[in-house]
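Me: I would like a close look at one part of this protein, the parallel sheet and what surrounds it. Please take it strand by strand, then place it in the rest of the chain.

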Amino acid sequence: MKYLVNLDNGGTLTDICVVRGSEVSYTKTLTTPVDLSECFFKGITQASEEIYGKDSLAKLLHNTDLIRYSSTQGTNALVERKGPKLGLITDNHQLETNLTATKNQQDLFSSLVGDRLFLLNHVNDEGMESELVAAVNTLTNKGAERLVVAIKDQEEEKSFKHTFLLQFPRHLLGSVPVLFSWEFTHDTSRTRRIWSALLNSFLHPTMERFLYSAEHRLKAHKVKNPLLIYRNDGASSRVAKSVALKTYSSGPRGGIEGTKALAKPMALTMS
């Protein structure tokens, strides 16, 4: 039986729990916000020293079936408003009102989007191409680092995307990624769909940098088993198949699932 390595990354401390059968080892290290892969590997290194002794990181990695990671970084990023400036392109003149129905929504929208909102008057007509160019230029000049496109009708958004990519091939937009709302989620609630797209775009850069960095460093140690990202729905997935929004509050969700797992056998012994 090989080990299961679990890491929970918080704002101050990163906790590591290594399990093999009834054998359980715990350790923790300071979180390194500038490069989360540093505390990730430092924690695993400390765990390997407790199990095997000094200079045994590779031994633990090669005797591990799964490495599973959860984080509060998404929660911290939203609380601290640390993330990219977003630009929102839409054809719905009521969208901002719908997205800011409560004071908390108003505050969050102001922090994430602010005045980087462009309202389209032409979708699927002659004026669409020139208005699209104006939208992208206006928002990027205002500092938008990522764009979210939210066209009300799904088929119209597909058509708009085709025109968008013709006008702005990915190499021209460079480091300004674009997320189309209907592609991210098909939630029938327009408000939830757009908020999901905005939050995912906001959280994506931080999680992407760390997760791919950690995965590449694991591959450098010739680790074949994938790094699994624990999600806020209670499941886990590989880095390439993980959505940034799903990492939001994955740490607290892991705590709840762990409590449930411990409570079940205790309930059986008491019944």
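Reply: Strands E5 and E7 pair in the parallel sense, and five bridges hold the pairing. This is a predicted model. One facing pair across these two strands is Leu88 and Val148, the latter in E7. E5 itself covers residues 86-90.

On its other side, E5 is joined to E6 by three bridges, and these two strands also run parallel. Here Ile89 of the pairing stands opposite Phe118, which belongs to E6.

E7 has a further partner in E8: three bridges link E7 to E8, again in parallel. In this pairing Leu147 faces Val178 of E8.

Put together, these pairings give an open sheet of four strands in the order E6-E5-E7-E8, with parallel pairing. Strand E6 (117-119) and strand E8 (178-180) are the edges; each has a single partner strand, so one side of each is left without a neighbour in the sheet. Neighbouring strands in this sheet are turned against each other by 20° on average, if direction is ignored.

How much of E7 is covered? Five of the five residues in strand E7 (residues 146-150) are buried, so the strand is mostly covered by the definition of under 20% relative accessible area. The side chains divide between two directions: Arg146, Val148 and Ala150 point one way from E7, while Leu147 and Val149 point the other way. Residues of both groups are buried, Arg146 included. Two of these residues have already appeared in the pairings: Val148 stands opposite Leu88, and Leu147 stands opposite Val178.

Two residues outside these strands are worth adding. Glu156 lies in helix H7, which comprises residues 154-167. Its relative accessible area is 29%, so Glu156 counts as partly exposed, because the value falls between the 20% limit for buried and the 50% limit for exposed. Apart from neighbours within four places in sequence, Glu156 is in contact with Asp91, Val123, Asn124 and Ile151. Leu36 gives a distant reference point: Glu156 and Leu36 are 120 residues apart along the chain, and their C-alpha atoms are separated by 40 Å.

Thr100 sits in the loop between helix H4 (95-99) and helix H5 (103-112). Is Thr100 buried or exposed? With a relative accessibility of 16%, Thr100 counts as buried, because the limit is under 20%. Setting aside neighbours within four places in sequence, the contacts of Thr100 are Gln105, Gln106 and Phe109.

The chain also holds another sheet. Six strands make up an open sheet with mixed pairing, in the order E3-E2-E1-E4-E9-E10. Its edges are strand E3 (23-30) and strand E10 (236-238); each has a single partner strand, so one side of each lacks a neighbour in the sheet. The twist from one strand to the next averages 25°.

Within that sheet, strand E1 (residues 3-9) pairs with strand E2 (residues 13-20) in the antiparallel sense over six bridges. Leu4 stands opposite Val19 of E2 in this pairing. E2 is then joined to E3 by eight bridges, and these strands also run antiparallel. Asp15 faces Lys28 of E3. E2 and E3 form a hairpin with two residues between them, and Gly21 in the turn has a positive phi of about 60°.

As for the chain as a whole, it has 11 helices and 10 strands. Along its principal axes, the C-alpha trace spans about 70 × 50 × 30 Å. Of its 271 residues, 43% count as buried. Among contacts with a separation of 6 or more, 63% are made by residues 24 or more positions apart. The chain exposes about 14,300 Å², and carbon and sulfur atoms supply 53% of that area. There are 33 positive and 29 negative charges, and their mean positions are 7 Å apart.

Terms used. Residues numbered from 1 in each chain as written. Predicted model: local features only at pLDDT ≥ 70, side-chain atom pairs only at ≥ 80, totals over all residues. Heavy atoms only, no water. Buried < 20%, exposed > 50% of the residue type's maximum accessible area, 1.4 Å probe, protein only. Contact = heavy atoms within 4.5 Å. Areas by Shrake-Rupley, 256 points an atom, 1.4 Å probe, with all protein chains shown as cover. Lys, Arg positive; Asp, Glu negative; His and termini not counted. Charge placed at Lys NZ, Arg CZ, Asp CG, Glu CD. Pairing = 2+ DSSP bridges. Axes fitted to C-alpha atoms, helices over the stretch in contact; angles between N-to-C directions.
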